[in-house]
Amino acid sequence: ASFTISLHKADNTTVMIKLKPGLQANCRIRMKYVIMSELKIKPGDNVTFTFTCGTPEKYFITEIQKNIDCVSGPCPFGDVHLYPPGLPRLNRTYIWDVKASTKAGLELKFSTSWLRQIEPGETCPDAVSYNINSSIDNAMVNIGTFCRNGSVSRVKLLGGVVMSLHLPWHLPLTTSGFNIASRASIKRLCIIESILKRESSITLMSPNYPLGFPEDELMTWQFVIPPSLRASVFFHNYSLSNCERKEERVEYYIPGSPSNPEVFKLSDSQPANIAGTFNMSLQGCDQDAQNPGILRLLFQVVVQHPQVDENVTHLVDLSKEKNMTVTIHLEGWPSRTPLMSEPICLICKDPRTCDRALTLTSGAVYRISFLCKDLSQLRITAEKGIGCMDIRWCQKKIYSLSVPKAITRLPIRLHKFNWKLLATDMINVEITSPSLKLQQPIPEQRCNTSYSYSIVSATPETELNLGVFCPGGSIEKIQMRNNITISLKPFGKGFINESIPQDLKMSFVPHIKDECIFTVSPNPQAKVYLQTPNSPYGLPPYVSISWFITVPSKQTARLRFSKDRMGIACETGRAYVNIKEETPGAEEIVRREDELLPQPRNMLHSFWVNVSNCRPADKTQLTLQFWVTLADKQLDLGIILAVVAGAGVLTVIGLTVCCVKKKKKKTQNPMVGVYNDNVNTQMPGRKGSFRKGRQNNESHVYAVIDDAVVYGHLLKESNGSVSPEVDVYRPFDGPIGSTPPSPPPFSFKKDIKRSSNPEEEPLPLMDIDQDTYTFAHQKSGQSEDNGDANKKDKGDTGIPLLENKEQDGL
């Protein structure tokens, strides 16, 4: 198809058809016998041309520029038409360059669809966009880019105007959508009028956004709002320039206000709940020539109907609180703060100070109200700080970690309440729940309360996420290192069930060795599940955690791990599981990461479980779970009969010895004890560790036999007062009950020699299993070999000895 364009000279219009930037000339323009890649049609030209391809809209664009002089001649007021007609169907850009004097500004009025301002880089849904520039003394200021269907009805500009309209090739638009309404002096950069007839939300930007508002300029937005609606202003993105003189500010002219204009800083909360039409002006300053900075502003105006309960105030008394902040906000705040196109919930601390988020601080009393149709959109997030820098002033204080009633009484759902517990390096935090106790929610042990606690410790070395806990368990106490955050978070729509009140206390205590110690009192009616912190990601490297499980005197505890091994391989260091009962002479059970975990076992006394991590060699992390159940102690009938029989035999023998002694009192000489220094006096291990049986040696032969030695094992069974006096390794130092178990040093062997079966539990070291205080005769010329002496040379010892790391494999 051929196209003919005829431009009248008086129209002062130029048409340019050119290739799109970055495209090759796969399509050309043919005019008679000339082929070209672009065509310029000047005023007075009459041109006929064709394209060499069937889809020229893929390759070419059209720019139509019209110059209008409102300085030397009359200004063509009225509608601005799209001229010339008959243009090819290409993407078009119409440019109107209107010259005007700075003493008489121009007013551009838009049709009923009006305009909506968009940010740089944003596109319009229908691809139709307007760009408005102000021309003052040959300096261009970009007022903004706009789409159709908005609220901007008029723009008044100082000096000339460069107006651009971008149209897509497929849209047959025949009108420009605006007219030049009048000329009037405005004495400021521009005035933008926005008409909001119904509930809505609009976004506007300062000129040259985001590059910077012109120096020492003034501009105004005029908002036309029906008296039945209320408007609120929110600043979302702004920056300030470096002022030498004056001060950057925002001024409001609100009809009926006693102090017009009302002056605000850009950092202030802006007016809200404004009834009717009002003006807002932005004033710049004289900037520093060396470092001017940037003044820019992006803001939102929300218009909505007055709420029925806007005059209902809620009292929030924080006068007795310390170091606490309470923030009422929209759901998803602060990560979700979109510029919404519909009315939103507002929180007001006075009739004109409202925002989508309102923060209240401790030490004051507030009366707040809500401009919101649905309060379910709002949430409360609160935080309280508790610190201790000197244990002498903090140790005896007990703090209640409960949500104040000033918060629970508000008709707003609690999102989270954080307690920030801060202390120095040598001060720890102790968390208790005296009546409710705590539990770790896992699939086998779910919470039935309306809230839970999340506990995180942030020491200088590492951050330890202890996990989630809820009331109604067996954990009485948790001791942790300094700097802890405890977060209470409700489940679902509820908060606190009145039948389950809050019961969490906190105090500061002296330094502890482990990162965390749990004190657990199992419920006799249930199975208590416990697991390492930071699940499912695993215990951090080199972290040691201890559990102290209390067992009532008339009950026994059954301890069982959920898996056979720790499931990790160490790159550096070793991982340990230590178990020890809290009773004198109790056996310590130690397992490394390359060994099987202890089999299920009964614990007759309160006991410790300690887990110490290494640095794992791969991505697999240390996670352990175990459980404890309580049962009533069952008396062993055989032990009872043995004790009774032993007591009877002891009585008979005692009487016999007494009679014999009386009979021989006058004739018997005192016995002399012969000590043989070659006899081994070290306490042997279990019976099974002897190499020779006692029937094959003379270790059981006594040089002197005393009554107490003969019947020592019976005394042991009767009252348990005799214990082996052998110096064996005991890694648990300090008074019983105050020191948690810890892994042995690398220079010691880990535990008592085990049998060939790795799953067999080592037996306790009892007197009935040993030949303590046995003296033997040594025959002349014969070396002693009773299966117990010289074990150091044979490499078979029954107790842990101090050995080299190479021998221990550490």
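Hi everyone. Let's start with a pair of strands: S30, residues 346-350, and S33, residues 365-371, run antiparallel to each other and share three bridges. Before I go on, please keep in mind that this is a predicted model. Within that pairing, Cys-348 has Ser-369 of S33 as its bridge partner.

Now let's widen the view. Which strands make up the open sheet, and in what order? There are four, arranged S28-S33-S30-S31, with antiparallel pairing. At the edges you find S28 (314-317) and S31 (353-355); each has a single partner strand, so one side of each has no neighbour in the sheet. From one strand to the next, the twist averages 30°. As a quick reminder, strands of a sheet pair through backbone hydrogen bonds, and they can do so in parallel or antiparallel fashion.

On to the cysteines, which I know many of you care about. The count of disulfides comes to nine, and I'll walk through three of them.

Cys-348, the residue we just met, is joined by a disulfide to Cys-354, with an S to S distance of 1.9 Å. The angle about that S-S bond is 105°, and the link is right-handed. Are these two buried or exposed? Cys-348 has 1% relative accessibility and Cys-354 has 3%. Buried means under 20%, so both cysteines count as buried.

The next disulfide runs from Cys-345 to Cys-372, S to S 1.6 Å. Here the partners come from distant parts of the chain, 27 residues apart: Cys-345 sits in the loop between S29 (324-330) and S30, while Cys-372 is in the loop between S33 and S34 (378-388). Cys-345 is buried at 1% relative accessibility, and Cys-372 is buried at 5%.

For the third, look further along the chain to Cys-570 and Cys-614, whose sulfur atoms are 1.9 Å apart in a disulfide. This link is left-handed, with -85° about the S-S bond. Cys-570 belongs to strand S48 (residues 570-572) and Cys-614 to the loop between S52 (607-612) and S53 (615-616), so the bond ties together parts 44 residues apart in sequence. Cys-614 is buried, at 0% relative accessibility.

Finally, a stop at Ser-111. Where is it? Ser-111 lies in the loop between strand S10 (105-110) and strand S11 (115-118). With a relative accessible area of 35%, Ser-111 is partly exposed. Its C-alpha atom is 10.0 Å from that of Val-152, a residue 41 positions away along the chain.

Thanks for listening!

Terms used:
Residues numbered from 1 in each chain as written. Predicted model: local features only at pLDDT ≥ 70, side-chain atom pairs only at ≥ 80, totals over all residues. Heavy atoms only, no water. Helix = DSSP H or I, 4+ residues; strand = E, 2+ residues; numbered from the N terminus. Buried < 20%, exposed > 50% of the residue type's maximum accessible area, 1.4 Å probe, protein only. Pairing = 2+ DSSP bridges. Axes fitted to C-alpha atoms, helices over the stretch in contact; angles between N-to-C directions. Disulfide = S-S within 2.5 Å.
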